[in-house]
Amino acid sequence: MTAVLELTNLHVTFGNTVSAVRGISLEVNRGETHCLVGESGCGKSVTALAIMGLLARGAHRTADVLRFHDFDLTRLSERGMARLRGDKLAMIFQEPMTSLNPAYTIGSQMAEVLERHRGVSRAKALDRAAELLGRVGITAPGMRLKQYPHQLSGGLRQRVMISMALMCDPELLIADEPTTALDVTVQAQILRLLQTLQRELGLALLLITHDLGIVARMADRVSVMYAGEVVESASSDALFAAPTHPYTRGLLRCIPVPGSVRRDEPLGSIPGTVPRIAPDFAGCAFRDRCAHAMPDCARDVPRQAAGIGHEYLCRLPPSWPLSEAA
Amino acid sequence: MTYAVELRNVRRVFRARAGVMATERVVRAVDGVSFAMHVGDVLGIVGESGCGKSTLARLILGLLPASAGDVLVDGRSLASMDRRERARLIQPVFQDPFSSLNPRQRIRDIVGLPLAAQGNVSAAQQRDRVMDMLARVGISPDMADRLPAQLSGGQRQRVAIARALVLRPRIVVCDEPTSALDVSVQAQILNLLAELRRDLGLTYLFISHNLAVVEHIATEVAVMYLGRFVEQAPVDALFREPRHPYTRALLASVLTPEPGKGIPDVGLGETYPDPANIPPGCRFHPRCPLVVERCRSEAPEGIVRDGRLTECLLV
């Protein structure tokens, strides 16, 4: 099976000072959810924007392979890219408040997608919009189409964003922190909806999040990002059963899980903060925060296999004691 | 015995007009909250956005006057204290360490300001107490002359905590203190808050939308819905046996990192709460999966059983 999205050795730099993405590779297959997880500043959103061709001016993107279906995105013109975006390649952003235009009705914004890409009439496009709003669990879609974004709650707006992304039957959906701005109860509803739609429509879903709880519940495959690199990638089951990179292990111990840590005991934590990486940086970016750092870590770090389809970027052997503190 | 914080049927109403001709919207942000906290308790307050958590925090800090009811801190009415006295007793830590620190002041001046405002501390004493407090929260002395922009989010939140504690208050109101931080940094700050409470004998009011965080730090939890406490219980009891249907839905929404469990169906439907339009009867009834006819007309009274409060007709 060929992947819907394939990227190899993607780099994004901003000027000569910041290297935001440093050689990441990943694939997303049809019907699969691939989670890109990491803390703020790790380059996960920049990766999404690089795929969509939406990087800010001044950013420089290179890749050995950046392929969506039969399209080589590194060679596609801006016009060709604009034709793909919102059609077979769709994206949902974190802030449903700011990604809808406040001056147009929901119906007009949704219909525009189909009018533009498929050249259908406004009436037909509105029918499709109403159908999709119903599909994402909005009652009385006819009324909602006539409303403006400010008349809708955050959860409803995010449902509108999702249905708008689905207008042209996309094959790849990139969702960048789609529930971060929402309440927990609404978050669960939106994620459940995404999961259902993804299964029914066979979507390839690239889900970007900082929340390992969401990753565990949604992902088929996971790529853990740190300072612009994928430091560990594995199937979701393998990653949570045997996290191998010291950063992944540290991150998992930071999460409070009801009933798992005694209240008078401290949570695990990772000292320090994510470094800013310049283009000439060498070695492991995590070494300043890692309890296992050695002088060798300042040189090139090997990418090793911890199992089938399970890789990590560290010089420690795959079997280093799982119980050991990072 | 004196409670650290006591609220007696506190209400706060906001009136807003969308335009000159528009009808007035009356928002009952806090709609009759009563509780009492012992010294050393950590009361976690959870609820969705718009439920009145932050308004409650501002009422307890004295930043907003109550429309009705009494707020007592250390056994005395907050309304009867002047600002300096209040500041010595109770201090805030806010969510966003990017906007809650003056960007043009050095760290040492930010932390020293509460002392300077008291007006009875010498410059030498102020310097010593600031440096002592910075050391306690894990900020190295060489950072004291930096500006907030030169610090990371976690370091800024440590500075905000140092500023809150420099007057040695008894009570700290933490309003979403870790929500703007990454998980690895969140854990550092939670550990620091727990350590400071133990060492300094503090009482916390801890507001968060993250139930897992509250479970970790709180001794008692209150669940707030449209301006009222619909359930309040010791933390273990609440997580072991949630009684209110809303509490159950909230707990079901916590996504722990356990693969294979999938995304739960919280069963709350599509309606969202609007504090300007509180439903008659039980305020939760439009979303409640267990709703019966009575709930639509009859407002539940809070029932106290085994030291737990629940406000639901079915419990």
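**A tour from strand S9 of chain A to helix H9 of chain B**

Begin in chain A of this predicted model by selecting strand S8 (residues 172-176) together with strand S9, which pair in the parallel sense over five bridges. Within this pairing, Leu173(A) stands opposite Leu205(A) of S9(A). If you follow the chain from S8(A), it passes through H7(A) before it reaches S9(A), and this β-α-β crossover is right-handed.

Now add strand S3 (residues 33-37) of chain A, which also runs parallel to S9(A) and is joined to that strand by five bridges; here Leu36(A) has Ile208(A) as its bridge partner. Keeping S9(A) (residues 204-209) selected, you will find that six of its six residues are buried. On one side are Ala204(A), Leu206(A) and Ile208(A), on the other Leu205(A), Leu207(A) and Thr209(A), so placed that both faces of the strand are covered.

Next, colour chain A by its domain assignment, which gives domain 1 (5-88 + 172-313) and domain 2 (99-167). The C-alpha centres of these two domains lie 30 Å apart, and their contact takes eleven residues from domain 1 and nine residues from domain 2. On the domain 1 side of this contact, H7(A) gives the most, with five residues, and by class that side has eight nonpolar, two polar and one charged residues.

Finally, move to chain B and select helix H9 (residues 245-252), whose buried residues are Pro245(B), Tyr246(B), Thr247(B), Ala249(B) and Leu250(B). What covers them includes helix H7 (184-201) of chain A, along with elements of chain B, among them strand S3 (42-46) and helix H8 (235-240).

Key. Residues numbered from 1 in each chain as written. Chains lettered and ligands numbered in written order. Predicted model: local features only at pLDDT ≥ 70, side-chain atom pairs only at ≥ 80, totals over all residues. Buried ≥ 20, exposed ≤ 12 C-beta atoms within 10 Å, placed from the backbone. Helix = DSSP H or I, 4+ residues; strand = E, 2+ residues; numbered from the N terminus. Contact = placed C-beta atoms within 7 Å. Domains from an automatic or database assignment. Nonpolar A, V, L, I, M, F, W, Y, C, P; charged D, E, K, R; others polar. Pairing = 2+ DSSP bridges. Right-handed = clockwise from strand over helix to strand, strands pointing away.
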